[in-house]
Amino acid sequence: MRLELPPEPAALLWKCTLATALLCACLLVIAAAQLLNAASRRVFIGFALVKLVILLLLTWPSPDFLKVLLDFGISFTIVAGIAIRCGRLAPGFGRRLAAGIILFALGGSIQAFGLSPHPWFNHNDLFHLIQILANTCLFLAARRTPSTQPVPG
């Protein structure tokens with residue numbers, strides 16, 4: 001027996017899920033921006049907030065997971081750039097950050113292309129398993145950031 005929500009609540013829940021994911025991508029950039037000087041920090045935070053509003057406006061009427069994947073791709077590119085710029089402030093976290101980003105990309109690709117290893121373990125199941133590993137890597141990377149002192153200049 002399979003239980004499902006009625007279509008209207010299910011659609012609303014999906015939209016809220018996508019909005020939450022977009023918010024997470026925004027907060028990821030804002031968190032990374034804390035390593036920058038005040039002027040750069042303001043630029044990146046402003047960009048993250050504008051990106052969030054635009055994507056919420058695009059995603060709410062047309063809830064498409066690919067928009068979320070695109071948003072995370074943009075956010076991870078920014079975070080990787082900040083990490084490279086500020087690498088000397090946080091030695092040792094680069095490998096964990098890179099592993100988290102690669103795993104997110106792998107999981108997103110599996111989800112986007114519907115790669116399913118087995119009928120009882122579909123692309124959605126595999127995506128979420130990989131995302132757990134990616135989030136673990138990102139958490140460990142964040143823990144390896146010993147300083148939130150901005151880079152001078």
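**Overall fold**

I began with the secondary structure, and the protein comes to 5 helices and 0 strands, where helices are DSSP runs of H or I with at least four residues and strands are runs of E with at least two, numbered from the N terminus. This is a predicted model, in which local features need pLDDT of at least 70 and side-chain atom pairs count only at pLDDT 80 or more, while totals for chains, interfaces and linings use all residues. Residues are numbered from 1 along each chain as its sequence is written, and side-chain values use heavy atoms, with hydrogens and water left out.

From the N terminus on, I read the order of elements as α-α-α-α-α. Buried residues (under 20% relative accessible area with a 1.4 Å probe, protein chains only; exposed is over 50%, partly exposed in between) make up 32% of the 153 residues. I then looked at contacts (heavy atoms within 4.5 Å): among those between residues at least 6 apart in sequence, 73% join residues at least 24 apart.

**Helix 4**

I checked the length of helix 4, residues 94–113, against the expected span, which is 1.5 Å times one less than the number of residues. For its 20 residues this should give 28 Å, and the end C-alpha atoms are 28 Å apart, which agrees. I noted Leu97, Gly100, Ile101, Phe104, Gly107, Gly108, Ile110 and Gln111 as buried in this helix. The buried residues of helix 4 pack against helix 3 (65–85) and helix 5 (123–143). After the helix comes Gly114, whose phi is positive, near 65 degrees.

From helix 5 I picked out Leu129, which is partly exposed, with a relative accessible area of 45%. Leu129 and Gly107 are 22 residues apart in sequence, and I find their C-alpha atoms 8.3 Å apart in space.

**Ser75**

I next looked up Ser75, which is found in helix 3 and is buried, with a relative accessible area of 0%. Its side chain is joined to that of Lys51 by a polar contact of 2.9 Å; such a contact is a pair of N or O atoms within 3.5 Å, and within protein one must be able to donate a hydrogen and the other to accept it, with residues adjacent in sequence counting only if both atoms are side-chain atoms. Leaving out residues up to four places away in sequence, I find that Ser75 touches Ala25, Leu28, Val29 and Lys51.

**Pocket and cavity**

For open and closed spaces I used a 1 Å grid over the protein atoms alone: in a cavity a 1.4 Å probe fits but cannot get out, a pocket is an open set with protein on both sides within 12 Å along at least five of seven lines, and lining residues have an atom within 4 Å of a point.

The largest pocket holds about 590 Å³ of space. It is lined by 26 residues, of which Val68, Phe72, Phe104, Phe127 and Gln131 lie nearest its centre. Helix 1, helix 3, helix 4 and helix 5 are the elements that give two or more residues to this lining, and the largest share, 8 residues, comes from helix 1.

I also found 1 cavity of 30 Å³ or more, with about 40 Å³ of space in it. Its lining consists of Lys15, Leu18, Ala19, Leu22, Leu56, Thr59, Trp60 and Pro63, and the elements giving two or more residues are helix 1 (7–33) and helix 2 (38–59).

Methods. Grid points are joined across faces, edges and corners, and a volume is the space filled by probe spheres set on the points.
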